[in-house]
Amino acid sequence: QIDFIFKDDNAKFIFIFEVSKQQEDNNNKINAFFSKWTNDERAKKIYETYKIAEQYQLVTIYVDKSSNKVDDSVSHHKGNEIILTKKEYQYIVEQTKLLGKWFKNDLYYYLNIKSTSNQTTKHYAFSYNMDSNLVYVYLANLNDILGYSYTARKNMRINDSQEINYQRALKIERINAIRKKIEKKEILAFPNSILLVTDEKISENTTANINSVVAINIPNSYPSCRIVDGQHRILGFARTDEQILRNHFMPVVLIQKLAIAKEISTFIEINQEQKRIDKNLIYMLIADALWDVNINPNEYYIRQTVEIIKQLKEKSPIKKYIYIPDALENTTKNKIKLVTFVKALISNNFSGKNPIHKKNEYKNLNDIFINIKKLFSETNWNYLLNSKGFRILMKVISICEKNIIKNIVNVNRQDYIKDLNLVLNTSHIQKIFSGGFGEGGATQVAYEILLELKRTKNYAKLEIKKQKLRMVIK
(Lines give C-alpha, C1' and ligand atoms only; values in the text may rest on other atoms or scores of the structure.)
Protein backbone atom coordinates (compact mmCIF):
# COMPACT_ATOMS: atom_id res chain seq x y z
CA GLN A 1 0.00 0.00 0.00
CA ILE A 2 1.32 3.47 -0.97
CA ASP A 3 -0.14 6.73 0.35
CA PHE A 4 1.18 8.91 -2.50
CA ILE A 5 3.39 8.44 -5.53
CA PHE A 6 4.38 10.97 -8.18
CA LYS A 7 7.21 11.64 -10.58
CA ASP A 8 9.10 14.64 -11.89
CA ASP A 9 10.04 14.06 -15.52
CA ASN A 10 12.32 17.09 -15.71
CA ALA A 11 14.41 16.25 -12.63
CA LYS A 12 14.03 12.47 -13.12
CA PHE A 13 12.67 11.76 -9.63
CA ILE A 14 10.01 9.33 -8.46
CA PHE A 15 8.62 10.07 -4.99
CA ILE A 16 6.90 7.61 -2.66
CA PHE A 17 5.19 9.05 0.41
CA GLU A 18 3.92 7.57 3.64
CA VAL A 19 1.94 9.90 5.94
CA SER A 20 1.29 8.87 9.53
CA LYS A 21 0.05 10.27 12.83
CA GLN A 22 1.02 7.08 14.67
CA GLN A 23 2.82 7.66 17.98
CA GLU A 24 3.00 4.13 19.38
CA ASP A 25 6.00 2.14 18.09
CA ASN A 26 6.61 4.99 15.67
CA ASN A 27 10.35 4.45 15.15
CA ASN A 28 9.88 0.83 14.11
CA LYS A 29 7.23 1.87 11.61
CA ILE A 30 9.53 4.52 10.12
CA ASN A 31 12.45 2.10 9.80
CA ALA A 32 10.17 -0.55 8.30
CA PHE A 33 8.93 1.90 5.66
CA PHE A 34 12.44 2.77 4.48
CA SER A 35 13.67 -0.82 4.66
CA LYS A 36 10.77 -1.90 2.48
CA TRP A 37 11.89 0.38 -0.34
CA THR A 38 15.52 -0.69 -0.22
CA ASN A 39 14.25 -3.99 -1.58
CA ASP A 40 15.32 -3.96 -5.23
CA GLU A 41 12.48 -6.21 -6.38
CA ARG A 42 9.82 -4.03 -4.76
CA ALA A 43 11.33 -0.88 -6.27
CA LYS A 44 11.62 -2.59 -9.67
CA LYS A 45 7.91 -3.38 -9.58
CA ILE A 46 7.12 0.33 -9.13
CA TYR A 47 9.25 1.24 -12.14
CA GLU A 48 7.55 -1.43 -14.25
CA THR A 49 3.99 -0.64 -13.10
CA TYR A 50 4.28 3.07 -13.87
CA LYS A 51 6.55 2.60 -16.91
CA ILE A 52 9.35 4.68 -15.42
CA ALA A 53 12.84 4.66 -16.89
CA GLU A 54 15.62 3.27 -14.71
CA GLN A 55 17.53 6.56 -14.60
CA TYR A 56 14.84 8.06 -12.38
CA GLN A 57 15.99 8.38 -8.76
CA LEU A 58 13.72 6.89 -6.11
CA VAL A 59 13.05 9.26 -3.18
CA THR A 60 11.15 7.87 -0.19
CA ILE A 61 9.56 10.33 2.23
CA TYR A 62 7.95 9.55 5.57
CA VAL A 63 5.76 12.37 6.90
CA ASP A 64 5.66 12.01 10.68
CA LYS A 65 2.68 14.15 11.74
CA SER A 66 3.02 13.02 15.36
CA SER A 67 6.29 14.79 16.16
CA ASN A 68 8.42 17.86 15.50
CA LYS A 69 11.72 16.03 16.01
CA VAL A 70 13.38 13.01 14.42
CA ASP A 71 14.40 10.43 17.02
CA ASP A 72 18.12 9.60 17.07
CA SER A 73 17.28 5.88 17.09
CA VAL A 74 15.87 6.10 13.56
CA SER A 75 18.52 4.51 11.37
CA HIS A 76 17.43 6.14 8.10
CA HIS A 77 16.92 9.87 7.39
CA LYS A 78 19.82 10.27 4.97
CA GLY A 79 20.31 10.77 1.25
CA ASN A 80 17.09 10.07 -0.65
CA GLU A 81 15.43 8.64 2.48
CA ILE A 82 13.71 11.60 4.11
CA ILE A 83 11.68 12.10 7.27
CA LEU A 84 9.54 15.23 7.45
CA THR A 85 8.36 16.32 10.88
CA LYS A 86 4.95 17.84 11.51
CA LYS A 87 6.44 21.35 11.55
CA GLU A 88 8.39 20.79 8.32
CA TYR A 89 5.34 19.34 6.60
CA GLN A 90 3.25 22.39 7.60
CA TYR A 91 5.97 24.70 6.26
CA ILE A 92 6.01 22.88 2.90
CA VAL A 93 2.21 22.97 2.62
CA GLU A 94 2.15 26.72 3.37
CA GLN A 95 4.90 27.50 0.86
CA THR A 96 3.23 25.36 -1.81
CA LYS A 97 -0.04 27.26 -1.34
CA LEU A 98 1.89 30.51 -1.64
CA LEU A 99 4.13 29.72 -4.62
CA GLY A 100 2.52 26.75 -6.35
CA LYS A 101 4.80 24.90 -8.79
CA TRP A 102 7.53 27.51 -8.35
CA PHE A 103 8.19 26.22 -4.84
CA LYS A 104 9.72 23.07 -6.38
CA ASN A 105 13.31 24.32 -6.48
CA ASP A 106 13.11 25.62 -2.92
CA LEU A 107 11.64 22.28 -1.88
CA TYR A 108 14.39 20.23 -3.54
CA TYR A 109 17.00 22.41 -1.91
CA TYR A 110 15.19 22.04 1.42
CA LEU A 111 15.12 18.25 1.05
CA ASN A 112 18.77 18.30 -0.02
CA ILE A 113 18.20 16.15 -3.12
CA LYS A 114 19.89 16.75 -6.46
CA SER A 115 18.88 15.56 -9.89
CA THR A 116 21.39 13.81 -12.15
CA SER A 117 19.61 15.10 -15.25
CA ASN A 118 21.81 17.22 -17.51
CA GLN A 119 19.13 19.54 -18.93
CA THR A 120 20.17 23.18 -19.16
CA THR A 121 18.88 26.63 -20.13
CA LYS A 122 21.12 28.52 -22.55
CA HIS A 123 21.79 32.25 -22.34
CA TYR A 124 24.25 34.58 -24.04
CA ALA A 125 25.91 36.78 -21.46
CA PHE A 126 28.55 39.46 -21.23
CA SER A 127 31.38 38.11 -19.07
CA TYR A 128 33.91 39.93 -16.95
CA ASN A 129 36.17 39.33 -13.97
CA MET A 130 35.42 40.80 -10.53
CA ASP A 131 37.87 40.11 -7.70
CA SER A 132 38.91 36.80 -9.32
CA ASN A 133 35.28 35.73 -9.80
CA LEU A 134 33.64 35.25 -13.18
CA VAL A 135 30.54 37.41 -13.57
CA TYR A 136 27.89 37.04 -16.28
CA VAL A 137 25.35 39.72 -17.16
CA TYR A 138 22.34 38.83 -19.31
CA LEU A 139 18.62 39.38 -19.90
CA ALA A 140 16.39 36.43 -19.03
CA ASN A 141 12.75 35.43 -19.29
CA LEU A 142 11.01 35.08 -15.90
CA ASN A 143 10.08 31.47 -16.71
CA ASP A 144 13.75 30.66 -17.16
CA ILE A 145 14.88 32.44 -13.98
CA LEU A 146 12.21 30.67 -11.91
CA GLY A 147 13.19 27.37 -13.51
CA TYR A 148 16.71 27.26 -12.10
CA SER A 149 16.82 29.67 -9.14
CA TYR A 150 16.08 29.08 -5.46
CA THR A 151 16.14 30.95 -2.18
CA ALA A 152 18.48 29.64 0.52
CA ARG A 153 16.42 30.11 3.66
CA LYS A 154 17.53 28.60 6.94
CA ASN A 155 17.34 24.86 6.46
CA MET A 156 16.62 22.34 9.21
CA ARG A 157 17.76 19.35 7.15
CA ILE A 158 21.19 20.73 6.25
CA ASN A 159 23.62 20.94 9.16
CA ASP A 160 26.79 21.65 7.21
CA SER A 161 28.31 24.83 8.67
CA GLN A 162 29.49 25.78 5.19
CA GLU A 163 25.99 25.65 3.72
CA ILE A 164 24.69 29.05 2.70
CA ASN A 165 21.25 29.75 4.18
CA TYR A 166 20.57 33.41 4.70
CA GLN A 167 17.30 34.53 3.12
CA ARG A 168 14.63 35.74 5.48
CA ALA A 169 11.08 34.37 5.49
CA LEU A 170 8.88 35.49 2.61
CA LYS A 171 6.55 38.44 3.17
CA ILE A 172 3.30 37.54 1.43
CA GLU A 173 2.06 41.14 1.63
CA ARG A 174 5.08 42.36 -0.30
CA ILE A 175 4.84 39.61 -2.91
CA ASN A 176 1.14 40.32 -3.48
CA ALA A 177 1.78 44.06 -3.72
CA ILE A 178 4.35 43.46 -6.47
CA ARG A 179 2.01 41.00 -8.24
CA LYS A 180 -0.86 43.51 -8.29
CA LYS A 181 1.37 46.24 -9.72
CA ILE A 182 2.60 43.86 -12.43
CA GLU A 183 -0.95 42.81 -13.38
CA LYS A 184 -2.08 46.45 -13.50
CA LYS A 185 0.97 47.22 -15.68
CA GLU A 186 2.16 49.76 -13.12
CA ILE A 187 5.59 48.08 -13.18
CA LEU A 188 7.22 47.82 -16.58
CA ALA A 189 10.77 47.30 -15.35
CA PHE A 190 12.76 47.12 -12.13
CA PRO A 191 15.68 49.47 -11.54
CA ASN A 192 17.88 46.75 -10.03
CA SER A 193 19.16 43.52 -11.53
CA ILE A 194 18.44 40.14 -10.00
CA LEU A 195 21.64 38.97 -8.30
CA LEU A 196 22.32 35.22 -8.47
CA VAL A 197 25.24 33.02 -7.41
CA THR A 198 26.02 29.54 -8.73
CA ASP A 199 28.52 26.84 -7.76
CA GLU A 200 27.98 25.03 -11.08
CA LYS A 201 30.28 25.08 -14.09
CA ILE A 202 28.11 26.91 -16.60
CA SER A 203 30.61 27.89 -19.28
CA GLU A 204 33.92 26.99 -20.86
CA ASN A 205 34.77 30.62 -20.36
CA THR A 206 38.45 31.33 -19.69
CA THR A 207 40.53 34.42 -19.10
CA ALA A 208 41.08 34.48 -22.86
CA ASN A 209 37.52 35.61 -23.55
CA ILE A 210 36.88 37.87 -20.57
CA ASN A 211 34.94 41.06 -21.44
CA SER A 212 33.13 39.35 -24.29
CA VAL A 213 29.79 37.72 -25.02
CA VAL A 214 29.80 33.99 -24.21
CA ALA A 215 27.28 31.15 -24.07
CA ILE A 216 26.34 29.90 -20.61
CA ASN A 217 24.35 26.74 -19.88
CA ILE A 218 22.56 26.75 -16.53
CA PRO A 219 21.24 23.41 -15.14
CA ASN A 220 17.44 23.64 -14.83
CA SER A 221 16.46 20.22 -13.52
CA TYR A 222 17.56 21.09 -10.00
CA PRO A 223 18.10 24.32 -8.00
CA SER A 224 21.40 25.60 -9.40
CA CYS A 225 21.40 29.37 -8.75
CA ARG A 226 20.92 31.01 -5.36
CA ILE A 227 19.04 34.30 -5.21
CA VAL A 228 21.15 36.84 -3.33
CA ASP A 229 18.91 39.81 -4.08
CA GLY A 230 15.48 39.94 -5.70
CA GLN A 231 13.48 37.05 -4.23
CA HIS A 232 10.32 39.10 -3.67
CA ARG A 233 10.48 40.62 -7.17
CA ILE A 234 10.89 37.18 -8.77
CA LEU A 235 8.15 35.61 -6.66
CA GLY A 236 5.83 38.54 -7.34
CA PHE A 237 5.97 37.43 -10.98
CA ALA A 238 5.61 33.78 -9.93
CA ARG A 239 2.09 34.51 -8.69
CA THR A 240 1.00 35.95 -12.05
CA ASP A 241 -0.23 33.93 -15.04
CA GLU A 242 1.92 32.13 -17.62
CA GLN A 243 1.47 34.76 -20.31
CA ILE A 244 2.92 37.50 -18.11
CA LEU A 245 5.87 35.25 -17.24
CA ARG A 246 6.59 34.50 -20.89
CA ASN A 247 6.44 38.16 -21.88
CA HIS A 248 8.63 39.63 -19.15
CA PHE A 249 12.42 39.72 -18.99
CA MET A 250 14.72 40.89 -16.23
CA PRO A 251 18.41 41.80 -16.13
CA VAL A 252 20.48 39.21 -14.24
CA VAL A 253 23.95 39.42 -12.72
CA LEU A 254 25.23 35.87 -12.10
CA ILE A 255 28.44 35.35 -10.11
CA GLN A 256 30.22 32.01 -10.31
CA LYS A 257 31.70 30.33 -7.22
CA LEU A 258 31.61 33.32 -4.87
CA ALA A 259 33.28 32.64 -1.50
CA ILE A 260 30.76 32.03 1.30
CA ALA A 261 31.95 34.92 3.49
CA LYS A 262 31.82 37.29 0.51
CA GLU A 263 28.34 36.14 -0.50
CA ILE A 264 27.02 36.67 3.01
CA SER A 265 28.64 40.11 3.32
CA THR A 266 27.22 41.07 -0.11
CA PHE A 267 23.72 40.12 1.03
CA ILE A 268 24.11 42.12 4.25
CA GLU A 269 25.49 45.18 2.45
CA ILE A 270 22.66 45.21 -0.12
CA ASN A 271 19.93 44.87 2.47
CA GLN A 272 21.41 47.23 5.02
CA GLU A 273 21.50 49.91 2.36
CA GLN A 274 17.83 49.26 1.66
CA LYS A 275 17.08 49.04 5.41
CA ARG A 276 15.07 45.85 5.00
CA ILE A 277 17.12 43.18 6.73
CA ASP A 278 16.25 41.77 10.15
CA LYS A 279 19.13 42.24 12.64
CA ASN A 280 18.45 38.75 14.00
CA LEU A 281 19.17 37.37 10.54
CA ILE A 282 22.39 39.40 10.28
CA TYR A 283 23.61 37.74 13.47
CA MET A 284 22.78 34.31 12.04
CA LEU A 285 24.72 35.18 8.88
CA ILE A 286 27.70 36.28 10.96
CA ALA A 287 27.50 32.93 12.77
CA ASP A 288 27.58 31.08 9.44
CA ALA A 289 31.02 32.43 8.51
CA LEU A 290 34.46 31.96 10.07
CA TRP A 291 36.12 35.08 11.50
CA ASP A 292 39.63 35.92 12.65
CA VAL A 293 39.49 37.31 16.19
CA ASN A 294 42.41 39.64 15.42
CA ILE A 295 40.79 41.09 12.28
CA ASN A 296 37.05 40.94 13.06
CA PRO A 297 36.75 40.60 16.86
CA ASN A 298 33.13 41.83 17.02
CA GLU A 299 31.96 39.26 14.42
CA TYR A 300 34.08 36.55 16.04
CA TYR A 301 32.44 36.97 19.44
CA ILE A 302 28.95 37.32 17.97
CA ARG A 303 29.47 33.99 16.16
CA GLN A 304 30.75 32.40 19.38
CA THR A 305 27.73 33.69 21.31
CA VAL A 306 25.18 32.57 18.71
CA GLU A 307 26.61 29.04 18.99
CA ILE A 308 26.03 29.10 22.77
CA ILE A 309 22.46 30.31 22.24
CA LYS A 310 21.85 27.53 19.72
CA GLN A 311 22.81 25.04 22.44
CA LEU A 312 20.37 26.71 24.84
CA LYS A 313 17.71 26.55 22.12
CA GLU A 314 18.38 22.82 21.83
CA LYS A 315 18.40 22.02 25.55
CA SER A 316 17.53 24.40 28.38
CA PRO A 317 14.49 25.54 30.38
CA ILE A 318 14.15 28.57 28.07
CA LYS A 319 14.52 26.76 24.74
CA LYS A 320 10.89 27.47 23.77
CA TYR A 321 11.34 31.17 24.41
CA ILE A 322 14.36 31.87 22.17
CA TYR A 323 13.77 33.29 18.70
CA ILE A 324 16.31 32.17 16.09
CA PRO A 325 15.22 33.00 12.51
CA ASP A 326 14.85 30.10 10.11
CA ALA A 327 12.48 28.88 7.43
CA LEU A 328 10.14 27.29 9.98
CA GLU A 329 10.09 30.04 12.61
CA ASN A 330 9.15 33.53 11.52
CA THR A 331 7.35 34.90 14.59
CA THR A 332 8.99 36.70 17.52
CA LYS A 333 5.83 36.78 19.63
CA ASN A 334 6.49 35.90 23.30
CA LYS A 335 10.14 35.09 22.55
CA ILE A 336 13.52 36.58 23.40
CA LYS A 337 15.04 37.72 20.11
CA LEU A 338 18.47 36.46 19.11
CA VAL A 339 19.81 40.04 18.99
CA THR A 340 18.61 40.73 22.55
CA PHE A 341 20.14 37.46 23.76
CA VAL A 342 23.51 38.05 22.08
CA LYS A 343 23.82 41.59 23.40
CA ALA A 344 22.84 40.51 26.92
CA LEU A 345 25.44 37.72 27.01
CA ILE A 346 28.33 39.73 25.55
CA SER A 347 27.58 42.95 27.44
CA ASN A 348 27.44 41.09 30.74
CA ASN A 349 30.48 38.89 30.12
CA PHE A 350 28.66 35.57 29.82
CA SER A 351 30.54 35.28 26.51
CA GLY A 352 32.94 37.41 24.49
CA LYS A 353 36.51 38.49 25.11
CA ASN A 354 36.55 38.20 28.92
CA PRO A 355 33.81 35.77 29.98
CA ILE A 356 32.94 35.30 33.64
CA HIS A 357 33.22 31.56 33.23
CA LYS A 358 36.46 30.88 31.38
CA LYS A 359 35.07 27.66 29.93
CA ASN A 360 31.75 25.79 29.73
CA GLU A 361 29.74 28.95 29.05
CA TYR A 362 26.72 26.94 27.89
CA LYS A 363 26.87 24.59 30.88
CA ASN A 364 26.94 27.50 33.35
CA LEU A 365 24.17 29.43 31.61
CA ASN A 366 21.97 26.35 31.43
CA ASP A 367 22.52 25.73 35.15
CA ILE A 368 21.61 29.35 35.91
CA PHE A 369 18.34 29.02 33.96
CA ILE A 370 17.58 25.65 35.60
CA ASN A 371 17.89 27.25 39.04
CA ILE A 372 15.88 30.31 38.05
CA LYS A 373 13.09 28.08 36.74
CA LYS A 374 13.19 26.06 39.95
CA LEU A 375 13.47 28.92 42.49
CA PHE A 376 11.66 31.89 40.90
CA SER A 377 7.95 32.46 41.31
CA GLU A 378 5.91 32.07 38.13
CA THR A 379 5.51 35.85 37.90
CA ASN A 380 9.25 36.48 38.15
CA TRP A 381 10.02 33.65 35.71
CA ASN A 382 7.64 35.18 33.18
CA TYR A 383 9.26 38.56 33.72
CA LEU A 384 12.61 37.03 32.72
CA LEU A 385 11.08 35.87 29.45
CA ASN A 386 10.29 39.32 28.05
CA SER A 387 13.09 41.32 26.45
CA LYS A 388 13.15 44.11 29.06
CA GLY A 389 13.11 41.71 31.99
CA PHE A 390 15.76 39.54 30.34
CA ARG A 391 18.14 42.48 29.85
CA ILE A 392 17.70 43.60 33.46
CA LEU A 393 18.06 40.20 35.10
CA MET A 394 21.10 39.18 33.03
CA LYS A 395 22.86 42.35 34.27
CA VAL A 396 21.95 41.47 37.86
CA ILE A 397 22.94 37.81 37.56
CA SER A 398 26.25 38.76 35.96
CA ILE A 399 27.21 40.93 38.97
CA CYS A 400 26.20 38.18 41.40
CA GLU A 401 28.23 35.55 39.51
CA LYS A 402 31.32 37.80 39.45
CA ASN A 403 31.06 38.42 43.21
CA ILE A 404 30.82 34.70 43.92
CA ILE A 405 33.79 33.83 41.69
CA LYS A 406 35.91 36.49 43.43
CA ASN A 407 34.77 35.20 46.89
CA ILE A 408 33.45 38.65 47.78
CA VAL A 409 30.15 37.21 49.02
CA ASN A 410 29.85 33.87 50.75
CA VAL A 411 26.85 32.42 48.92
CA ASN A 412 26.35 29.89 46.12
CA ARG A 413 24.30 30.12 42.92
CA GLN A 414 21.16 28.63 44.42
CA ASP A 415 21.37 31.00 47.40
CA TYR A 416 21.55 34.23 45.41
CA ILE A 417 18.86 33.15 42.93
CA LYS A 418 16.52 32.29 45.82
CA ASP A 419 17.27 35.62 47.50
CA LEU A 420 16.92 37.48 44.21
CA ASN A 421 13.41 36.08 43.84
CA LEU A 422 12.52 37.58 47.23
CA VAL A 423 14.04 40.95 46.28
CA LEU A 424 12.01 41.08 43.07
CA ASN A 425 8.84 40.74 45.18
CA THR A 426 9.61 43.72 47.45
CA SER A 427 7.31 46.73 47.17
CA HIS A 428 10.21 49.00 46.10
CA ILE A 429 11.16 46.84 43.11
CA GLN A 430 7.53 46.12 42.18
CA LYS A 431 6.86 49.86 42.09
CA ILE A 432 9.80 50.32 39.72
CA PHE A 433 8.57 47.45 37.52
CA SER A 434 5.17 49.07 37.19
CA GLY A 435 6.73 52.15 35.56
CA GLY A 436 8.01 52.38 32.00
CA PHE A 437 11.69 52.59 31.09
CA GLY A 438 13.98 52.33 28.07
CA GLU A 439 17.50 50.88 27.66
CA GLY A 440 19.02 53.43 30.06
CA GLY A 441 16.17 52.78 32.48
CA ALA A 442 16.91 49.05 32.37
CA THR A 443 20.41 49.78 33.68
CA GLN A 444 18.97 51.86 36.53
CA VAL A 445 16.47 49.11 37.42
CA ALA A 446 19.27 46.51 37.55
CA TYR A 447 21.21 48.84 39.83
CA GLU A 448 18.19 49.28 42.14
CA ILE A 449 17.71 45.50 42.36
CA LEU A 450 21.37 45.00 43.30
CA LEU A 451 21.16 47.75 45.94
CA GLU A 452 18.10 46.05 47.43
CA LEU A 453 19.97 42.72 47.45
CA LYS A 454 22.97 44.42 49.10
CA ARG A 455 20.73 45.48 52.02
CA THR A 456 19.92 41.84 52.83
CA LYS A 457 21.88 39.39 54.92
CA ASN A 458 25.04 37.92 53.31
CA TYR A 459 25.28 40.61 50.59
CA ALA A 460 26.67 43.62 52.51
CA LYS A 461 30.02 43.31 50.71
CA LEU A 462 28.44 42.93 47.25
CA GLU A 463 30.47 45.03 44.78
CA ILE A 464 28.35 47.04 42.36
CA LYS A 465 29.96 49.32 39.80
CA LYS A 466 27.18 51.14 38.02
CA GLN A 467 29.30 51.97 34.98
CA LYS A 468 29.89 48.23 34.43
CA LEU A 469 26.15 47.77 33.94
CA ARG A 470 26.15 50.05 30.89
CA MET A 471 28.30 47.90 28.61
CA VAL A 472 26.61 47.35 25.24
CA ILE A 473 27.64 46.19 21.74
CA LYS A 474 26.56 47.58 18.41
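Which residues form a nonpolar patch on the surface? In this predicted model, the patch is formed by Tyr 124, Phe 126, Val 137 and Val 213, which together have about 400 Å² of accessible area. Val 213 belongs to strand β9, which runs over residues 212–219, and it counts as exposed because its relative accessibility is 60%.

## Overall picture

The protein contains 18 helices and 13 strands. Of its 474 residues, 51% count as buried, and the accessible surface comes to about 23700 Å², with 48% of that area belonging to carbon and sulfur atoms. Among contacts between residues at least 6 apart in sequence, 69% join residues that are at least 24 apart. One pair of residues separated in sequence is Ala 460 and Ile 408, which lie 52 residues apart along the chain and 9.7 Å apart in space, C-alpha to C-alpha. Ala 460 is found in the segment that follows α18 (439–454), and with a relative accessibility of 58% this alanine counts as exposed.

## Nonpolar cores and helix α13

In soluble globular proteins, nonpolar side chains tend to be buried together. In this model the largest nonpolar core has 61 residues, and the members that touch the most others are Tyr 283, Phe 341, Phe 369, Ile 372 and Ile 449. Helix α15 gives the most to this core, contributing eight residues. A second core, separate from the largest one, has 48 residues and includes Leu 107, Leu 196, Ile 218 and Val 252.

Helix α13 comprises 15 residues, 361–375, and because a rise of 1.5 Å a residue leads to an expected span of 21 Å, the 21 Å found between its end C-alpha atoms agrees with expectation. The buried residues of α13 are Glu 361, Tyr 362, Asn 364, Leu 365, Asn 366, Ile 368, Phe 369, Asn 371, Ile 372 and Leu 375. Among the elements that cover these buried residues are α11 (297–314), α12 (338–347), α14 (378–384), α15 (387–405) and α16 (413–424). Phe 369 and Ile 372, both listed among the buried residues of α13, are also among the residues that touch the most other members of the largest core.

## Salt bridges

Side chains of opposite charge can pair when their charged atoms come close. The structure holds nine salt bridges, and three of them are set out below.

| Acidic residue | Basic residue | N to O distance |
|---|---|---|
| Glu 18 | Lys 29 | 3.8 Å |
| Asp 199 | Arg 226 | 3.0 Å |
| Glu 452 | Arg 455 | 2.7 Å |

The side chains of Lys 29 and Glu 18 meet in a salt bridge; Lys 29 lies in helix α1 and Glu 18 in strand β2, so this pair ties together parts that are 11 residues apart in sequence. Lys 29 counts as partly exposed at 25% relative accessibility, whereas Glu 18 is buried, with a relative accessible area of 14%.

The salt bridge between Asp 199 and Arg 226 links distant parts of the chain, with Asp 199 in the loop between β8 (194–198) and β9, Arg 226 in strand β10 (residues 225–229), and the two positions 27 residues apart in sequence numbering. Asp 199 is partly exposed at 40% relative accessibility, while Arg 226 counts as buried at 6%.

In the pair formed by Arg 455 and Glu 452, the arginine is exposed, with a relative accessible area of 59%, and the glutamate is buried, with a relative accessible area of 17%. Elsewhere, salt bridges that share partners join Asp 367, Glu 401 and Arg 413 into one network.

## Positive phi in two loops

Most residues other than glycine have a negative phi. Asp 25, although not a glycine, has a positive phi of about 55°. Asp 25 is placed in the loop between β2 (13–20) and α1 (26–36), and at 48% relative accessibility it counts as partly exposed. Asn 407 is another residue other than glycine with a positive phi, in this case near 60°. Asn 407 sits in the loop between α15 and α16, and its relative accessibility of 68% means that this residue counts as exposed.

How values were computed:
Residues are numbered from 1 along each chain as its sequence is written. This is a predicted model: local features need pLDDT of at least 70, side-chain atom pairs count only at pLDDT 80 or more; totals for chains, interfaces and linings use all residues. Side-chain values use heavy atoms; hydrogens and water are left out. Patches are made of residues with over 30% relative accessible area and no salt bridge: like charges are joined within 9 Å, nonpolar side chains (Val, Leu, Ile, Met, Phe, Trp, Tyr) within 5 Å. Accessible areas come from the Shrake-Rupley method with a 1.4 Å probe; for residues, only the protein chains shown count as cover. A salt bridge is a side-chain nitrogen of Lys or Arg within 4 Å of a carboxyl oxygen of Asp or Glu. Helices (H or I, at least four residues) and strands (E, at least two) are DSSP runs, numbered from the N terminus. Buried means under 20% relative accessible area, exposed over 50%, partly exposed in between (1.4 Å probe, protein chains only). The expected span of a helix is 1.5 Å times one less than its number of residues. Contact means heavy atoms within 4.5 Å. A nonpolar core is a set of buried Ala, Val, Leu, Ile, Met, Phe, Trp, Tyr and Cys residues joined through side-chain atoms within 4.5 Å.
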